[in-house]
Amino acid sequence: MSSEFSASGSIVFDQVSLSRNAHPVLHDLCLQLNERRIGLIGHNGSGKSSLVRLINGLLQPDSGNIDVHGRSPRSGPEKMSAHVGFIFQNPDHQIIFPTVEEELSFGLMNQGVSKKEARQQVADILAKHQRSDWADKAVHSLSDGQKQLVCILSVLLMQPGVMILDEPFSALDLPTRYQLMDLLSQLPQQLLMISHELDTLETFERIIWLEQGQVFQDGPPDQVLPAYQAAARRLQTL
Amino acid sequence: MISLYIAQKSWLHRLSAGIKLLFLAAISLLLYPVEQPSVLLLFLIATLLAYATVGYAALRQLLALKTLLPLFALIFLLQWWSVGFAPAALLVMRMLTLILLANLITLTTRMDDMMDAVMPLFAPLRLLKIETRRIAFAVTLLIRFIPVLMAVVNHLLDAWKARGGGRKLWRLVIPLTIQSIRLSDSVAEALAARGGISSPLTQDQLHQKGSFR
């Protein structure tokens, strides 16, 4: 395994600024993320997605430094993929291969694992999650929730220290969301999740509320979530 | 249905992709000189029996060939008119047998196994500095995303009809293009987040040289 597994590290943003298409997105952001369960909230366009994309190098900052469990995302997303797992909003934009087994082995083979060994690990993780019959399944025959589970398993196989989830449940029904949340809450990884479903974040250790590219509030969920909700009710966005 | 592969375990699934493809090539050569309709008929029946041994799902795929029937009829009639009934029957039976066999291989071979079997044939391209793994990858991506793009088309069509769109369907081309480009952006991002496609090549080469780690 090329990544030494660590869930104890921290993510540090040191005076990070980022602009996209000449628009400032994040300005002088300083953050230290030590907690294992961190929720990221904010209105659309507040910079949440940009912030998490800085962590695995999908975006590079204009200035400032980022440290992710002792590694610099400047090395690019390909290098960071062994340390930072990323789950996107729409599984259909994330699944690259026609069958579940191919999809799950892709990341492992990128890490230099042989095809045979990758298939063994895929069989093991499917068995562990009672989904052994999925190996040969065509991904397009799965439901949205099942596809999202495939995405999560494919990232877990790479044993990253950090898991980033960018609104992973927005297309899923409530029972599916609960099941996936149960699975995620048991993971040893450091979890950073963007969500508009505030009840999902209630059990998290820390909530960061972004507003116009800056931290607006930062604290435990029982403080930040009600304040965010109250502000959202007052706000005219249309 | 673009992903034709039938997920099950049959004797044909267990055979390696290379052997199946070699067998197909051999049969193609073998059938070429055959002049007796009865022998060809035998091959055709054997092919259909092979479908039956794979199971119901494979037999059902035979129905998908319905769309090819008019084409076969046309070829048969043209051949009958130009060279006579017997040669026309031979030709059509030969074609049908080979197409059915090729289709059977598609049904029972996983995409990546097929690619592994075919890729060595592209080896000469490496001399031209073309990365053959990228070709394999592009094929895989295409197969994966055809159902996704079909869904995009259907959503656009629904939205179009729901607002009384009318018959000028060509106007959907631009939104379809925009959505496809957006989709490709997301896929590229997801791909990079899982290690990209350039690394497996280099790592495989390192493996082959035995110098990795």
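1. In this predicted model, the contacts of Arg53(A) are a useful place to begin. Leaving aside neighbours within four places in sequence, Arg53(A) touches Leu58(A), Leu59(A), Phe86(A), Phe88(A) and Asp166(A), and also Glu189(B). The list therefore includes a residue of chain B as well as residues of chain A. Arg53(A) itself belongs to helix α1 of chain A, which covers residues 48-55. Its relative accessibility is 9%, and because buried means under 20%, Arg53(A) counts as buried.

2. The surroundings of Arg53(A) in its own helix deserve a remark. Seven of the eight residues of α1(A) are buried, so that the helix is mostly covered. Besides Arg53(A), the buried residues of α1(A) are Lys48(A), Ser50(A), Leu51(A), Val52(A), Leu54(A) and Ile55(A). Just after this helix, Gly57(A) adopts a positive phi of about 85 degrees.

3. A similar description can be given for helix α3 of chain A. Ten of the eleven residues of α3(A) are buried, and the helix is mostly covered. Among them are Val100(A), Leu104(A), Phe106(A) and Leu108(A), together with Glu101(A), Glu102(A) and Glu103(A). The student should note that Ser105(A), Gly107(A) and Asn110(A) are also listed as buried. After α3(A) comes Gly112(A), with a positive phi near 95 degrees.

4. How many aromatic pairs are there over all chains? The count comes to nine. One of these pairs joins Phe106(A) and Phe137(B), and its geometry is tilted, with 6.1 Å from centre to centre and 35 degrees between the planes. This pair crosses between chains: Phe106(A) sits in helix α3 (residues 100-110) of chain A, and Phe137(B) in helix α9 (residues 132-162) of chain B. The word "tilted" applies because an angle of 35 degrees is neither under 30 degrees nor over 60.

5. Are the two partners of this pair buried or exposed? Phe106(A) has a relative accessible area of 8% and is buried. Phe137(B), at 10%, is buried as well. Ring pairs also bring in Phe97(A), which forms a cluster with Phe106(A) and Phe137(B).

6. The contact between the two chains can also be described as a whole. Chain A contributes 39 residues and chain B contributes 35 residues. About 3100 Å² is buried between chain A and chain B, and carbon and sulfur atoms give 53% of this area. Of the area that chain A buries against chain B, 21% comes from His93(A), Ile96(A) and Asp136(A), more than from any other three residues.

7. In two places an arginine lies over an aromatic ring. In chain A, Arg131(A) lies over the face of Trp134(A), at 5.1 Å from the ring centre. In chain B, Arg144(B) lies over the face of Phe145(B), at 5.1 Å from the ring centre.

8. Two residues of chain A that are not glycine have a positive phi. For Gln15(A) the angle is about 50 degrees; this residue lies in strand β1 (residues 11-20) and is partly exposed, with a relative accessible area of 45%. For Glu167(A) the angle is about 45 degrees. Glu167(A) is placed in the loop between β6 (162-166) and α6 (174-185), and its relative accessible area of 14% makes it buried.

9. The UniProt record for chain A, an unreviewed entry, places the feature "domain: ABC transporter" at residues 11-237. In the model, the end C-alpha atoms of this span lie 32 Å apart, and the span is 33% helix and 26% strand.

10. For chain B, an unreviewed UniProt entry lists residues 12-32, 38-56, 63-82, 88-107 and 135-157 under "transmembrane region". Residues 38-56 are 95% helix and 0% strand, with end C-alpha atoms 27 Å apart. Residues 63-82 are 70% helix and 0% strand, and their end C-alpha atoms lie 30 Å apart.

11. Helix α5 of chain B, at residues 69-83, contains 15 residues. From its first C-alpha to its last, α5(B) reaches 20 Å, which is close to the 21 Å expected at 1.5 Å a residue. Gly84(B), just after α5(B), takes a positive phi of about 110 degrees.

Methods
Residues numbered from 1 in each chain as written. Chains lettered and ligands numbered in written order. Predicted model: local features only at pLDDT ≥ 70, side-chain atom pairs only at ≥ 80, totals over all residues. Heavy atoms only, no water. UniProt positions renumbered as here; feature names shortened; annotations may be inferred. Helix = DSSP H or I, 4+ residues; strand = E, 2+ residues; numbered from the N terminus. Expected span 1.5 Å × (residues − 1). Phe/Tyr/Trp six-rings, centres within 6.5 Å; stacked < 30°, edge-to-face > 60°. Buried < 20%, exposed > 50% of the residue type's maximum accessible area, 1.4 Å probe, protein only. Lys NZ or Arg CZ within 6 Å of the ring centre and 35° of its normal. Contact = heavy atoms within 4.5 Å. Buried area = accessible area lost by both parts, 1.4 Å probe.
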